[in-house]
Amino acid sequence: MSGPTTVTQLNALAAGLCLDARIRIEAAPGPSWSWDPVRQVIRVSADDLQDCGPHYCAGILAHEVGHVFISRYLHLTIDPVRRPAVQEPQLVVMARNGLLNAIEDARCETWMARRYPGCRDWFHEVAEIELQPDAGLTRNPDFLQFCLQCAGERAWDWQAAPLKFAVPSEVVTALETTRAARRAYAEWLPPVNFDATAFDPDLMDRYRLEVWPRLGAAARRRWPSVWEQEVRLRAWEALTLAEREVLPAAFALLEADIARIAGSLRENPALRRQALATIQNDDHSGLLAMLAAIFSERSPTPGAAGPSERRLAETLLLRLLRSVVSEPLIVVGEGGIPISAEALADLPPGVRVVRRPPLALPVAADGYEQARRQIASQLDALTARVETILRPQRRLGERSGYPSGYRLDLGRVMAFSADPRRYRELWRRKSIPDRREAAVFLLVDLSGSMEGEKSEAALLGTVLVAETLHRLGVPFAIAGFQDELIPFVNFGDDLGPATRQAISEMPLEITDSRPDGNNQHGYNDDGPCLLAAAEQLLAQSASERILLAISDGQPNGSHSTAEDLHQAVATLTAAGQGLELIGIGLGPNTDHVTDYYPQAVASVPVSEFAQRIGDVLERALVSGRSASP
């Protein structure tokens with residue numbers, strides 16, 4: 001079947017619904033379908049036309065036009081019945097929209113089949129090609145299996161799909177408990193006749209009270225037609241049903257998937273390294289193979305994992321969902337949300353565009369941003385306090401030798417009488433004392449004993465110090481230590497994306513899983529690493545030099561002992577040079593830091609570490625100010 005012939009046939013098949021939706025069709029090379037909102041053209045995949053034929057493509061087209069007419073769930077906000085225990089906000093949004101898109105598909109097709117009865121055969125052909133389940137489905141996370149089954153059950157007249165393989169019992173249970181609600185959702189529809197909805201005061205009252213407050217600002221730019229009010233009200237009612245009856249079951253599957261992946265990563269360090277490599281290299285096939293290996297064995301869920309494994313698991317699931325879940329469509333025009341107010345004025349009614357969420361950050365960079373958000377309130381307060389400390393405290397001074405000023409320098413006036421060339425040096429001016437010059441080095445223990453909550457707390461404290469000093473323009477460096485110094489930020493580095501990502505990779509060193517890292521978590525050579533850090537700090541031209549050393553255990557080096565740490569501290573203390581050493585014991589039973597450091601804060605609770613390290617930095621600067629002339 002030739003390309004031009006199939007396009008002509010498709011246009012003939014879809015002429016009525018395209019006229020209703022004010023859209024046109026044209027073929028485009030390749031396997032992708034796309035929407036041109038300016039020209040109101042759906043670009044149909046030439047490959048699909050060639051391989052699947054015009055009836056299949058007409059079914060896809062009718063399905064998408066159904067979204068144009070009645071899909072409004074993306075425009076409505078609702079307080080969820082259950083908030084999933086997921087830290088990654090983009091994963092929550094993608095999972096929610098993916099599930100709603102799956103059950104909305106059945107709703108759109110139900111409405112289209114009632115308005116255009118001929119669509120039923122097209123939808124059946126699409127189901128025969130796309131919705132035939134295969135055994136590979138069982139190697140997907142349970143949440144994704146649930147979504148795919150939800151999308152296909154309408155084709156089987158709301159019965160369980162005729163599978164030739166076993167679906168996980170958790171998915172079967174979720175399907176059975178939500179089937180009645182999903183069918184009710186699909187049949188919660190506006191009228192199929194655009195003129196059927198007459199003016200109804202009750203409809204207007206309900207729309208104003210229930211729907212209007214839930215719409216985005218763009219969708220409220222003008223009062224909609226009576227039919228559009230009905231569309232939005234029915235969408236709102238269907239959405240409340242889905243939030244109450246369907247989404248909790250779906251999110252329970254999602255949370256179980258996260259726990260299963262995170263537990264597997266915890267138990268298998270090689271699998272964790274593989275996961276990090278798939279993200280770093282954007283290896284989609286490697287991601288699929290890794291998740292297939294995890295979910296092909298329906299063994300009991302592994303034991304509890306730490307925050308870093310859960311975060312990595314959530315990133316993997318987000319990558320997977322973005323690759324396989326259809327992205328939701330936004331209707332722009334009377335029934336939808338424009339990209340901008342100007343776009344609304346320029347585009348004709350019925351136009352729709354694809355909304356793409358922001359690209360997922362790599363897991364490390366994302367970890368930094370999550371940490372920064374957690375300490376945001378502390379950051380503002382600490383920055384203000386430290387700025388006050390660094391601000392000069394002495395009264396304004398005076399300097400001579402200016403061509404103008406607030407009073408004459410009598411000595412220079414007398415010199416001027418002998419040498420008229422000095423006429424530009426006669427005046428005195430007020431002078432502001434120079435701001436105190438400080439430099440800070442943060443040294444963090446990255447041995448294996450820091451794994452878990454301590455590593456997360458250390459990251460929060462590191463981000464707090466880095467962001468505070470960066471805002472104030474105070475030179476700083478950050479390094480971890482194992483058998484050697486592991487630099488993350490050098491003096492003079494900008495706190496840009498690469499530096500932030502480096503900082504957020506600190507916890508990976510603790511589990512020997514940082515790509516191209518040092519990864520020697522069995523050692524902590526405190527003494528030699530302290531000397532190496534101090535050498536860098538002493539090279540800075542600052543009047544005050546503060547070295548903060550964070551540790552949770554006794555020195556256990558590959559080439560040094562506890563005595564080497566004693567000797568290093570004694571050497572640096574005796575040398576003076578404006579160097580202030582402070583040891584910080586993270587977690588319980590860390591009183592040993594007081595045995596090594598002349599200034600120490602011991603047994604800092606993990607939950608309070610970010611706040612306490614900010615206090616330590618502040619006190620160190622106050623101490624330096626009191627010692628300044």
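# Close-up views of a predicted 629-residue chain

**View 1. The whole chain, a predicted model.** Of the 629 residues in the chain, 51% are buried (under 20% relative accessible area; exposed is over 50%, partly exposed in between; 1.4 Å probe, protein chains only). The chain holds 24 helices and 14 strands. Helices (H or I, at least four residues) and strands (E, at least two) are DSSP runs, numbered from the N terminus. Take contacts (heavy atoms within 4.5 Å) between residues at least 6 apart in sequence: 75% of them join residues at least 24 apart. Residues are numbered from 1 along each chain as its sequence is written, and side-chain values use heavy atoms, with hydrogens and water left out. In this predicted model, local features need pLDDT of at least 70 and side-chain atom pairs count only at pLDDT 80 or more, while totals for chains, interfaces and linings use all residues.

**View 2. Helix H4, residues 89-115.** H4 has 27 residues. From first C-alpha to last it reaches 38 Å, close to the 39 Å expected at 1.5 Å a residue. The expected span is 1.5 Å times one less than the number of residues. H4 bends by about 25 degrees at isoleucine 103. That bend is the angle between axes fitted to the seven residues ending there and the seven starting there. H4 is mostly covered, with 21 of its 27 residues buried.

**View 3. Two residues of H4: arginine 96 and glutamine 90.** Arginine 96 counts as buried, at 17% relative accessibility. Leaving out residues up to four places away in sequence, arginine 96 touches Ile78, Leu239, Glu243, Leu247 and Phe251. Glutamine 90 is partly exposed, with a relative accessible area of 22%. Glutamine 90 and leucine 318 lie 228 residues apart in sequence. Their C-alpha atoms are 7.5 Å apart in space.

**View 4. The crossing of H3 (residues 46-70) and H4.** Two packed helices are described by the angle between their axes and the distance between the axes. Here the axes come within 8 Å and cross at roughly 95 degrees. H3 and H4 are therefore roughly perpendicular to each other. On the H3 side, the contact is made by Ala62, His63, Val65, Gly66, His67, Phe69 and Ile70. H4 brings Asn101, Glu104, Asp105, Arg107, Cys108, Glu109, Trp111 and Met112. By class, this contact has 7 nonpolar, 4 polar and 4 charged residues. Ala, Val, Leu, Ile, Met, Phe, Trp, Tyr, Cys and Pro count as nonpolar, Asp, Glu, Lys and Arg as charged, and the others, Gly among them, as polar. Axes are lines fitted to C-alpha atoms, for helices over the stretch in contact, and angles run from 0 to 180 degrees between N-to-C directions. Angles under 35 degrees count as roughly parallel, over 145 as roughly antiparallel, 65 to 115 as roughly perpendicular and the rest as oblique.

**View 5. Helix H6 (residues 142-152) against helix H10 (residues 247-267).** The two helices pack at an angle of about 150 degrees, their axes 7 Å apart. That angle makes H6 roughly antiparallel to H10. Asp142, Phe143 and Phe146 of H6 meet Ala250, Leu253, Leu254 and Asp257 of H10. The contact divides into 5 nonpolar, no polar and 2 charged residues.

**View 6. Helix H18, residues 453-472.** H18 has 20 residues, which should span 28 Å at 1.5 Å a residue. The end C-alpha atoms are 29 Å apart, in agreement. Of the 20 residues, 17 are buried, so H18 is largely enclosed by the rest of the structure. Just after H18, glycine 473 takes a positive phi of about 70 degrees.

**View 7. Two loop residues with positive phi: aspartate 282 and asparagine 519.** Most residues other than glycine have a negative phi. Aspartate 282 is not a glycine, yet has a positive phi of about 50 degrees. Aspartate 282 sits in the loop between helix H11 (269-280) and helix H12 (284-296). It counts as exposed, at 59% relative accessibility. Asparagine 519, also not a glycine, has a positive phi of about 55 degrees. Its loop runs between helix H20 (506-510) and helix H21 (526-538). At 17% relative accessibility, asparagine 519 counts as buried.

**View 8. Tyrosine 597, in the loop between helix H23 (593-596) and strand S14 (600-604).** Tyrosine 597 is buried, with a relative accessible area of 8%. Apart from residues up to four places away in sequence, tyrosine 597 touches Leu530, Ala549, Leu565, Val569, Leu581, Ile582 and Gly583. Threonine 573 is 24 residues from tyrosine 597 along the chain. The two C-alpha atoms are separated by 9.4 Å.
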